[in-house]
Amino acid sequence: MSPESFPATRVAALSRLTQFAPRAGQAYASGRNTDPGPDQPSAVSKLSPYVRYRLITEQEVIGATLGQHSLPAAEKYVQEVLWRTYWKGWLEMRPSVWMQFLQERDRQRDSFPNARAIRSAEAGETGIEGFDDWARELVETGYLHNHARMWFASIWIFTLRLPWALGADFFLRHLVDADAASNTLSWRWVAGLQTAGKTYLATGDNIARFTNGRFAPKGLATIATMPRDVATPELCPLPQAVLFDAHKPTYLLVTPDDLNPESVFGAPAKISGASILFDPETLWGDNARAFVATTINDASERVGNVFKCPTTVLDTLDAATLITQARAAGAEQIVTSYAPVGPVADALARVAPILASEGVPLIQVRRAWDENFWPLATKGFFPFKEKIPKILQEMGLSR
Ligand SMILES: Cc1cc2nc3c(=O)[nH]c(=O)nc-3n(C[C@H](O)[C@H](O)[C@H](O)COP(=O)(O)OP(=O)(O)OC[C@H]3O[C@@H](n4cnc5c(N)ncnc54)[C@H](O)[C@@H]3O)c2cc1C
């Protein structure tokens with residue numbers, strides 16, 4: 001498998017979903033923990049890059065799944081998809097955890113004394129069976145099975161005793177689906193920082209069992225020593241949902257955090273022009289950049305067709321350029337899909353006050369999906385998942 005294994009169009013995403021949906025029931029539940037290795041048939045969907053950039057949405061994935069299975073039959077798959085939603089909602093209400101991660105990463109980069117150990121772990125030269133293979137697989141393909149991500153993170157933290165934030169950074173720099181919430185909070189979860197005192201310790205037996213015997217590493221840590229961390233911050237409320245006046249002339253900004261704006265801003269929105277942002281600074285590594293670079297043409301074509309408007313590509317988010325483009329299109333406001341905590345949200349926060357002061361406000365619109373699920377991510381995943389069936393029913397996705 002290589003990064004090219006993820007053809008970066010919405011049509012390719014929908015086709016993968018159609019092929020996978022019949023297997024989202026029992027076949028997924030019983031086979032999902034096994035990582036048979038790259039290029040081998042596996043029970044998982046490999047939809048994450050598409051969902052991460054919202055070429056297809058969680059709602060579409062669960063809709064297609066429940067079109068073929070009852071909720072009890074596809075419960076496991078539905079819950080996995082909702083882990084992504086849960087992590088996003090959790091981080092959205094504790095944005096300082098993202099800032100803490102960035103600070104910790106920078107601190108460790110500058111001060112961790114054993115830089116050679118980091119280099120050897122990233123190059124897959126530790127001599128630990130499996131771990132070394134996953135390090136190389138990640139760099140070459142931009143993808144790792146979920147179980148391999150858990151084993152890798154656990155060995156990085158507890159056996160090699162390397163800083164968790166540098167491991168999370170290594171993932172971000174190579175994953176095609178690199179994501180602020182899923183990555184940071186999953187690394188924190190393995191380290192025991194996310195669920196107080198609960199660590200994830202990989203064992204040789206578990207690895208041998210779920211890699212079909214491909215790897216059986218020896219000498220893994222048997223005790224999980226938790227890294228030092230600052231206390232988890234108090235929950236802060238989600239930013240207020242904003243409605244936009246669909247009858248005003250509007251300019252559309254599309255970002256890599258949501259490449260499916262046609263399902264957010266449908267009729268009667270009067271979109272008179274659109275910019276598609278492809279700023280490499282808002283993405284982490286070459287695998288993610290290569291994927292998103294290809295999706296830009298796809299998004300641009302779809303937006304042009306759906307809204308019957310001219311589109312341009314922006315290689316950096318610059319307020320002056322955006323204002324000029326919006327005014328040239330006769331727009332009184334700029335709309336964009338709400339960007340969750342991460343580099344796109346940071347970039348939007350920088351330009352928003354300038355746009356507002358020039359009288360072309362930037363309005364971030366949240367999807368109904370996020371609006372319904374994110375506020376429920378106040379505690380752990382268990383209480384969150386209890387509420388899933390009711391919300392899916394209210395949204396007309398399950399009976
Ligand atoms: C240490 C670590 C780091 C991770 N970093 C990322 C990351 O940067 N970006 C990312 O998208 N996912 C991340 N994950 C979550 C998960 O591993 C991937 O989403 C999943 O492996 C993608 O493969 P798939 O689409 O074949 O998954 P499937 O098993 O087919 O799952 C279906 C969908 O459910 C969602 N999903 C499944 N498992 C998880 C999970 N544990 N957390 C959140 N969402 C999940 C994904 O959208 C996925 O596409 C990480 C997990 C761990 C343990």
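Student: Let's start with helix H1 (residues 10-20): which residues there are buried?
Tutor: Keep in mind that this is a predicted model. Buried here means under 20% relative accessible area. In H1, the residues that count as buried are Arg10, Ala12, Ala13, Arg16, Leu17 and Phe20.

Student: Seen down the axis of H1, where do its buried residues fall?
Tutor: Look along the helix axis and check the spread of directions. The buried residues of H1 fit within an arc of 160 degrees, so they line one face of the helix.

Student: And which residues on the other side of H1 are exposed?
Tutor: The buried set runs along one face, because its arc is within 160 degrees. For the other side, exposed means over 50% relative accessible area. The exposed residues there are Val11, Thr18 and Gln19.

Student: What covers the buried residues of H1?
Tutor: The cover comes from other helices, among them helix H13 (286-307). The rest of the named set sits earlier in the numbering, and the cover includes helix H2 (26-31), helix H3 (48-52), helix H4 (58-66) and helix H5 (75-92).

Student: On to the empty space: which element gives the largest share of the lining of the largest pocket?
Tutor: The pocket has a volume of about 1,400 Å³ and is lined by 49 residues, with Glu80, Trp83, Trp87, Asn146 and Ser186 nearest its centre. The elements giving two or more residues are H3, H5, helix H9 (146-159), H11 and helix H17 (381-386). With 10 residues, the largest share comes from H5.

Student: By class, how many residues of the lining of the largest pocket are nonpolar, polar and charged?
Tutor: The lining draws at least three residues from each of domain 1 (3-92 + 373-394) and domain 2 (101-210). Sorted by class, the lining comes to 23 nonpolar, 14 polar and 12 charged residues.

Student: Now the largest cavity: which domains does it lie between?
Tutor: The largest cavity has a volume of about 80 Å³, and its lining includes Arg52, Lys88, Asp179, Asp257 and Pro340. Helix H11 (180-191) and helix H15 (343-357) each supply at least two lining residues. Since the lining takes residues from both of them, the cavity lies between domain 2 (101-210) and domain 3 (250-365).

Student: How far apart do the C-alpha centres of domain 2 and domain 3 lie?
Tutor: These two domains do touch: 12 residues of domain 2 are in contact with 8 residues of domain 3. Their C-alpha centres are separated by 33 Å.

Student: Which domains give residues to the lining of the second largest cavity?
Tutor: This cavity has a volume of about 70 Å³, and Asp35, Gly37, Lys46, Tyr143 and His145 are the lining residues nearest its centre. It lies between the two domains that give residues to its lining, so the answer is domain 1 (3-92 + 373-394) and domain 2 (101-210).

Student: One last residue: is leucine 317 buried or exposed?
Tutor: Leucine 317 is in the loop between strand S3 (311-314) and helix H14 (319-328). Beyond its sequence neighbours within four places, its contacts include Leu253, Leu277, Ala347 and Val351. Its relative accessibility is 12%, so leucine 317 counts as buried.

Terms used: Residues are numbered from 1 along each chain as its sequence is written. This is a predicted model: local features need pLDDT of at least 70, side-chain atom pairs count only at pLDDT 80 or more; totals for chains, interfaces and linings use all residues. Side-chain values use heavy atoms; hydrogens and water are left out. On a 1 Å grid over the protein atoms alone, a cavity is a set of points where a 1.4 Å probe fits but cannot get out, and a pocket is an open set with protein on both sides within 12 Å along at least five of seven lines; lining residues have an atom within 4 Å of a point. Grid points are joined across faces, edges and corners, and a volume is the space filled by probe spheres set on the points. Helices (H or I, at least four residues) and strands (E, at least two) are DSSP runs, numbered from the N terminus. Domain bounds come from an automatic or database domain assignment. Buried means under 20% relative accessible area, exposed over 50%, partly exposed in between (1.4 Å probe, protein chains only). The arc is that of the directions from the helix axis to the C-beta atoms. Contact means heavy atoms within 4.5 Å. Ala, Val, Leu, Ile, Met, Phe, Trp, Tyr, Cys and Pro count as nonpolar, Asp, Glu, Lys and Arg as charged, and the others, Gly among them, as polar.
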